[in-house]
Amino acid sequence: MRVTIKERATGTVLATTDDPNQVLAFEGNWYFAPAAVNQDVLKVTANTYTCGYKGTCNWVNFDDGTHMTPQVAWVYPSPKPGYEQIAGRYGFYAGDRLTTVEERA
């Protein structure tokens, strides 16, 4: 199964893969390996969010040079014990959201 996440306003592909090693369904969200994301338009920020059980993540903005959408994804560089499988992966909300759209094929 191919999973693709697009930025809603521009339709730009943010992440896509059909390799089950490159994407992880976890807690209702998708976590993509860095190799499966479009790092040319995704910018990891210094802005953080702290989850009581996973730890602290950095928000990721979409920026293609003409359009910027904040907080389209997040990355846990060093999650708490028990959540190591999401370390360094780009997290995206599943389904259609205000800023992103999920496609499955």
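A trainee and a mentor talk through a predicted model, going from its sheets to its cores and aromatic rings.

Trainee: Let's start with the small sheet. What is the strand order in the open sheet of three strands?
Mentor: Take the pairings one at a time. β1 and β2 run antiparallel and are joined by four bridges. β1 also pairs with strand β9 (residues 100-104), again antiparallel, over five bridges. Put together, the order is β2-β1-β9.

Trainee: Which strands stand at the edges there?
Mentor: Look for strands with a single partner. One side of each such strand is left without a neighbour in the sheet, so the edges are β2 and β9.

Trainee: Can we pin down the register? Which residue in β9 is the bridge partner of Lys-6?
Mentor: Use a neighbouring pair as a guide: Glu-7 stands opposite Thr-100 in β9. The two strands run antiparallel. For Lys-6, the partner in β9 is Val-101.

Trainee: And on the other flank, what is the bridge partner of Val-3 in β2?
Mentor: That flank is a hairpin with five residues between the strands, and Gly-11 takes a positive phi near 80 degrees in it. In β2, Val-3 is matched with Thr-17.

Trainee: How many of the five residues of β1 are buried?
Mentor: This strand has β2 on one side and β9 on the other, going by the order β2-β1-β9. It is mostly covered, and the buried count is four.

Trainee: Now the other sheet. Which are the edge strands in the order β3-β4-β8-β7-β6-β5?
Mentor: That's an open sheet of six strands with antiparallel pairing. At one end, β5 is joined to β6 by seven bridges, among them the one between Cys-51 and Gly-55. Strands that pair on one side only are the edges, and here they are β3 (23-26) and β5.

Trainee: By how many degrees are neighbouring strands of the six-strand sheet turned against each other on average?
Mentor: In the sheet with the order β2-β1-β9, the average turn is 15 degrees, direction ignored. In the sheet with the order β3-β4-β8-β7-β6-β5, the average on the same basis is 35 degrees.

Trainee: On to packing. Which element gives the largest share of the largest nonpolar core?
Mentor: The core has 18 residues, and those touching the most other members are Leu-14, Phe-32, Val-37, Leu-42, Tyr-90 and Phe-92. Two or more residues come from each of β1 (3-7), β2 (13-17), β4, β6, β7 and β8. The largest share is three residues, and it comes from β7.

Trainee: How many residues are in the second, separate core?
Mentor: Its members include Phe-26, Tyr-31, Trp-59 and Tyr-83. Those names also turn up in one aromatic cluster, together with Tyr-49, Tyr-53, Trp-74 and Tyr-93. The size of that second core is nine residues.

Trainee: Why is the pair of Tyr-31 and Trp-74 edge-to-face?
Mentor: The ring centres are 6.0 Å apart, and an angle between planes over 60 degrees counts as edge-to-face. Both residues are buried. The pair links strand β4 (residues 29-32) to strand β7 (residues 68-75), 43 residues apart in the chain. The class follows because the planes are at 80 degrees.

Trainee: What is the angle between the planes of Tyr-53 and Tyr-83?
Mentor: Tyr-53 is in the loop between β5 (42-51) and β6 (55-63), and Tyr-83 is in the loop between β7 and β8 (90-93). Their centres are 5.7 Å apart and the pair is tilted, with an angle of 50 degrees.

Trainee: Of these two, is Tyr-53 buried, exposed or partly exposed?
Mentor: Tyr-83 has a relative accessible area of 17%, so Tyr-83 is buried. For Tyr-53 the relative accessibility is 44%, and that makes it partly exposed.

Trainee: Last one: with which side chain does Thr-69 make a polar contact of 2.7 Å?
Mentor: Thr-69 lies in strand β7 and counts as buried at 7% relative accessibility. A polar contact of 3.0 Å joins its side chain to that of His-67. Leaving aside neighbours within four places in sequence, its contacts include Asn-61, Phe-62 and Thr-99. The partner at 2.7 Å is Glu-7.

Terms used
Residues numbered from 1 in each chain as written. Predicted model: local features only at pLDDT ≥ 70, side-chain atom pairs only at ≥ 80, totals over all residues. Heavy atoms only, no water. Phe/Tyr/Trp six-rings, centres within 6.5 Å; stacked < 30°, edge-to-face > 60°. Buried < 20%, exposed > 50% of the residue type's maximum accessible area, 1.4 Å probe, protein only. Polar contact = N/O pair within 3.5 Å; in protein donor to acceptor, adjacent residues only side chain to side chain. Contact = heavy atoms within 4.5 Å. Core = buried A, V, L, I, M, F, W, Y, C linked by side-chain atoms within 4.5 Å. Pairing = 2+ DSSP bridges. Axes fitted to C-alpha atoms, helices over the stretch in contact; angles between N-to-C directions.
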